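Trainee: I would like a close look at one part of this model, and then a walk through what surrounds it. Please take it step by step.

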Amino acid sequence: MHHITPDTLRKSYYALKKRAAPGVDGCTWEEYQENLTERLEDLHTRVHKGTYRAQPSRRVYIPKADGKKRPLGIAALEDKIVQQAVSEMLTAIYEADFHGFSYGFRPGRGCHDALDALYVAIDSKKISWVLDADIQGFFDSISHEWILRFLGRRLADKRVLRLTSKWLKAGVIENNERLNTDGGTPQGAVISPLLANVYLHYVLDDWVVWWRTKYATGDMIIVRYADDFVMGFQYKREAELFLKALRDRLSAFALNLHPEKTRLIEFGRFAAESRRKRGEGKPETFEFLGFTHICSVRKKDGKYKILRLTSKSRMRATLSRYKMMLLAKVHDGIEEVGRWLSKSVQGYYNYFAVPDNMKRLMSFRYAICTIWHRALRYRSQRGRMRWDVFNARAMCWVPTPVVLHPYPSVRFRARHS
């Protein structure tokens with residue numbers, strides 16, 4: 001706890017997003033900056049004396065790609081500041097413990113690092129079966145008792161545990177009504193990603209390493225990004241044994257696999273040939289971090305490769321969001337909308353512009369142009385903008401996709417000797 005100083009709190013304050021939505025206290029980043037030194041000194045005193053009280057999170061819902069809504073908890077500003085400081089301290093401790101196949105919310109690691117690792121693992125190992133697993137309502141199911149016990153294994157300072165307990169039990173405000181939380185940690189809280197990693201480190205990661213050492217006779221791989229993980233096996237028998245053991249392991253810690261989203265599929269270098277001999281269709285696909293992974297064959301030499309395409313559900317959700325935004329901007333100037341659209345679409349490309357995905361990105365660009373053209377038709381009742389006129393403007397503002405990421409094996413080997 002002695003690492004939590006006024007200077008640490010100041011750095012944590014400036015590390016927060018300036019335009020983030022306020023919590024139940026209604027205090028914004030700019031408003032808190034007034035008399036910042038005095039405020040942080042008072043906050044530091046309350047934290048160390050034990051008089052600091054965590055405020056409930058303000059619950060909001062955001063749409064998901066499947067049409068459902070994801071609950072988010074927006075913490076009060078002072079809670080964010082203290083959580084940021086504690087999170088940085090705990091990250092320095094746990095980075096020495098976390099396994100290499102864990103990629104979510106860790107410094108120097110991102111989604112494409114996890115995607116590269118999965119590609120290289122399936123391509124270089126004798127993987128014939130893939131377990132696409134999904135933990136049902138993970139952030140809402142975390143056991144408060146277990147997470148505090150896990151933290152207690154590495155933290156001797158009980159004050160940090162009491163501080164974490166305050167955040168877990170602060171509750172949420174929904175429809176002006178306070179709801180107590182007996183389990184889970186609110187998504188959107190600064191401390192939640194680290195707590196999730198610590199929880200799954202002990203519940204899943206350590207146990208997977210032990211199971212692989214004791215029971216696996218063939219190749220076995222895992223790549224985890226937060227609560228989303230994919231595993232690969234050489235033998236179907238071992239994959240089925242692991243899946244059964246995994247269900248029992250997770251249930252012991254208040255977690256369950258989603259019955260509909262958890263699948264064991266035949267996937268890998270020999271999957272297509274094996275299914276062809278049995279008279280079955282093409283190998284099934286799976287999704288990971290917004291990409292659909294497909295067993296494919298190169299046209300030039302007929303060799304096996306993994307094809308990664310933008311998930312159709314993710315693309316549909318993005319196009320639906322663009323449609324609403326473009327209709328809302330229908331009376332803005334074309335150049336103003338064009339500049340906004342250029343930056344926004346380029347941000348989409350920055351994530352999805354991987355090798356072999358250009359055809360789907362070109363489809364995305366065509367859909368964006370079509371949506372924009374239709375939106376412009378609502379500007380006036382005097383005729384319609386011709387496609388040739390619109391195309392000249394679209395070519396100017398909507399960028400054309402190009403490959404922005406190297407092949408996974410090239411980048412992975414450059415970072416991991």
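Trainee: In which loop does Asn35 lie?

Mentor: The model is a predicted one. In it, Asn35 sits in the loop between helix H2 (29–32) and helix H3 (36–49). Its backbone deserves a look: Asn35 is not a glycine, yet its phi is positive, at about 55°. The residue counts as exposed, because its relative accessibility is 55% and the cut-off for exposed is over 50%.

Ala226 can be set beside Asn35. Ala226 is not a glycine either, and its phi is positive at about 55°. It is found in a loop between two strands, S6 (220–225) and S7 (228–233). Its surroundings are another matter: with a relative accessibility of 8%, Ala226 counts as buried, since buried means under 20%.

From the loops we can go on to the salt bridges. Side chains of opposite charge can pair when their charged atoms come close. A search of the whole structure turns up 21 salt bridges. One of them joins Asp97 to Arg154, with the closest N and O atoms 2.5 Å apart. Asp97 is in the loop between helix H4 (77–94) and helix H5 (111–124), while Arg154 is in the loop between helix H7 (144–152) and helix H8 (158–168), so this pair ties together parts that are 57 residues apart in sequence. Asp97 is partly exposed, at 23% relative accessibility. Arg154 is also partly exposed, at 36%.

A second salt bridge brings together the side chains of Asp116 and Arg411, at 2.6 Å from N to O. This pair links distant parts of the chain, for Asp116 belongs to helix H5 and Arg411 to helix H16 (residues 408–415), 295 residues apart. Both Asp116 and Arg411 are buried.

A third salt bridge runs between Glu280 and Arg275, whose closest N and O atoms are 3.5 Å apart. Here Glu280 is partly exposed, with a relative accessible area of 38%, whereas Arg275 is buried, at 13% relative accessibility. The two do not stand alone: through shared partners, salt bridges join Glu266, Arg275, Arg278 and Glu280 into one network.

Next come the nonpolar residues. In soluble globular proteins, nonpolar side chains tend to be buried together. The largest nonpolar core of this model has 68 residues, and within it Val86 and Phe242 touch the most other members. Helix H9 supplies the largest share of this core, 12 residues. Leaving out neighbours within four places in sequence, Val86 is in contact with Ile4, Val160, Leu163, Trp167 and Ile191. Another core lies apart from this one; it has 50 residues, including Phe267, Phe286, Ile306 and Val337.

Helix H9 also merits a word on its geometry. It covers residues 192–214, which is 23 residues, and it reaches 32 Å from its first C-alpha to its last. That is close to the 33 Å expected at 1.5 Å a residue. Even so, H9 has a kink of about 50°, centred on His201.

To return to your starting point, Asn35 is an exposed loop residue with a positive phi, and Ala226 is a buried one with a positive phi too.

Note on methods. Residues numbered from 1 in each chain as written. Predicted model: local features only at pLDDT ≥ 70, side-chain atom pairs only at ≥ 80, totals over all residues. Heavy atoms only, no water. Salt bridge = Lys/Arg side-chain N within 4 Å of Asp/Glu carboxyl O. Helix = DSSP H or I, 4+ residues; strand = E, 2+ residues; numbered from the N terminus. Buried < 20%, exposed > 50% of the residue type's maximum accessible area, 1.4 Å probe, protein only. Expected span 1.5 Å × (residues − 1). Bend = angle between axes of the 7 residues up to and from the residue. Core = buried A, V, L, I, M, F, W, Y, C linked by side-chain atoms within 4.5 Å. Contact = heavy atoms within 4.5 Å.
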